[in-house]
Amino acid sequence: MTIGAVSCQTDLLDPQPTTIFSNLVVFDTPTRISLQVNGLYAAIKNGNFYGGRYQVYGDVRADDFINRTSNAITALQVWNHTLTETSQNDVINTWEYAYNAINQINVFLDGMDANSAKFVAPTFPADYATTTANQYKAEARFLRALSYYALLQLYAKPYADNNGNNPGLPLRLKAEASLPGNDLARSTVAEVYTQILEDLKYAEDNLPLTYPTSIAPSTRAHRNTAIALKTRVYLSMGRYQDVITEADKIVSKTAPFTATTGVPHALSASVTNVFPAQTTTESILSFPFTAQNTPGTQNQLGNYFLPNLPQSAGGTGEFYLNASGILANPGWAANDSRRVNWVTVYNGASYLKKYSSPTPFLDPAPVIRYAEVLLNLAEARSRVIGVSDPQAVALLNAVRTRSNGTAYTQATVDNILLERRIEFLGEGIRNFDIMRLNATIPGKGTVSAVPPGSPKYVWPIPSTEIATNRLIVQN
């Protein structure tokens, strides 16, 4: 394992790259370990994974966007369900970038365990081994859980199909530095979810409640981040009572709903405060970018969704909003502030402008918001207690009425799913909401609907994995 450092000196007689540390010394100081943790986040937020494309795929598979450019590089085959095991820019790249990130995490975790005897004074702070080291391992395991959850949503059938007993993913939990480890069979969907929950439990127990003011809590995992992701995971498994148990840790019983311990998450007063910055207490986790650290060409969210304007602020307008999709739903009123502020019309087509920063499109890539936790809890309570449950109705309306003056009188699942569809438009949740219910992916334009029994319902295992893993089976 190697890691970059700040240096540029070179021995002219024996030129060695002094910007690289040997794997023998990367665990020798707190600073070097901290740099590795930063590297784990960088691997996850690569533009080919959680830095943009993953969110795009989660929306354009469904029915709220229409492809404009017919560009095979930018998710055309995802949109029209023509992916094959050799589709490089989506099927292969997503798998490889996700598993590269997972292996980097596993290398780090193995190294932390192997070097734990070093974590003593005077080189390390007195409590490093029991506090800081465990925190770093918790961040790594949180990111591993996030990665495996993402892969399950694309390459495996939903938990609701056969109660999680269908083939899931190769569950790689140890560092791989050589070829013999390539051969690994797929664990079941349920077994992968079990590992995800084990990682999130460790993360919850060992992550800090918050961070110093120099670190934005929306950019780094803390205890409430792990709990929030657990509500999403349990919702995907249909374990609604567990959603309630987890959400109750960070959602007060009455409005205004807030997290009373750890980072004080709460809904922003207006959606205009949430985007594009994503730094309010509503943003539980998002991945930021800078001019020196961009998502990369054709990965940026703004590039996909902004119209192809004549000025530099425009994207390529790869996808515009389907006039027969959510725009046509009477539940999304014309005066809803999300419609007013997130939709723009150009050349007769409507586009999403939630990601509005100009080129090079440095809007953070969203992972999870407090609004989702509230709606996760509302749906779980509706299913367990009933559509008239006062708290479920209040949670649903907390999200609804900050943007739309018309409140719901019942927290039906249909009302909640509609609100999720509006609220998280372009954040990568829509198609996964469909699939967790084992429902048909609706058609759009000339693209036919995809029922759960179709081979197109989940992505194929990439040809690169088939070629190197003799134990893998294709979807």
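Which residue just after α12 takes a positive phi? The notes below take up that point, then the rest of this predicted model.

1. **The end of α12.** Gly 386 is the residue in question. Its phi is positive, at about 140°, and Gly 386 comes just after α12.

2. **The helix itself.** Helix α12 covers residues 370-384. With 15 residues at 1.5 Å a residue, α12 should span 21 Å. The end C-alpha atoms of α12 are 21 Å apart, so the expected span and the model agree. The helix is also mostly covered: 13 of the 15 residues in α12 are buried.

3. **Strand β4.** This strand runs over residues 283-287. Five of its five residues are buried, so β4 is largely enclosed by the rest of the structure.

4. **The partner of β4.** Strand β8, residues 365-369, pairs with β4. The sense is antiparallel, and the pairing extends over four bridges. Look at Leu 285: opposite it stands Ile 368 in β8.

5. **Aromatic pairs.** How many aromatic pairs does the structure hold? The count is 23. One of them joins Trp 95 and Tyr 155. Their ring centres are 4.9 Å apart, with 80° between the planes, and the pair is edge-to-face.

6. **Why that pair is worth a look.** Trp 95 belongs to helix α4, residues 88-114, while Tyr 155 belongs to helix α5, residues 132-155. The two residues are 60 apart in sequence, so their pair ties together separate parts of the chain. Are these residues buried or exposed? Trp 95 has 2% relative accessibility, so it counts as buried. Tyr 155 is buried too, with a relative accessible area of 0%.

7. **A second link from α4 to α5.** Tyr 99 and Tyr 148 also form an edge-to-face pair. Here the centres are 6.0 Å apart and the planes make an angle of 80°. Tyr 99 lies in α4 and Tyr 148 in α5, with their positions 49 residues apart, and the pair links distant parts of the chain. Both tyrosines, Tyr 99 and Tyr 148, are buried.

8. **The cluster.** Which residues do ring pairs link with these four? Tyr 57 and Trp 459 join Trp 95, Tyr 99, Tyr 148 and Tyr 155 in a cluster.

9. **Charges over rings.** Two cases deserve a check on screen. The charged end of Lys 45 sits over the ring of Phe 289, at 4.8 Å from the ring centre. Arg 339 has its charged end over the ring of Trp 332, and the distance to that centre is 5.1 Å.

Conventions: Residues numbered from 1 in each chain as written. Predicted model: local features only at pLDDT ≥ 70, side-chain atom pairs only at ≥ 80, totals over all residues. Heavy atoms only, no water. Phe/Tyr/Trp six-rings, centres within 6.5 Å; stacked < 30°, edge-to-face > 60°. Buried < 20%, exposed > 50% of the residue type's maximum accessible area, 1.4 Å probe, protein only. Lys NZ or Arg CZ within 6 Å of the ring centre and 35° of its normal. Expected span 1.5 Å × (residues − 1). Pairing = 2+ DSSP bridges.
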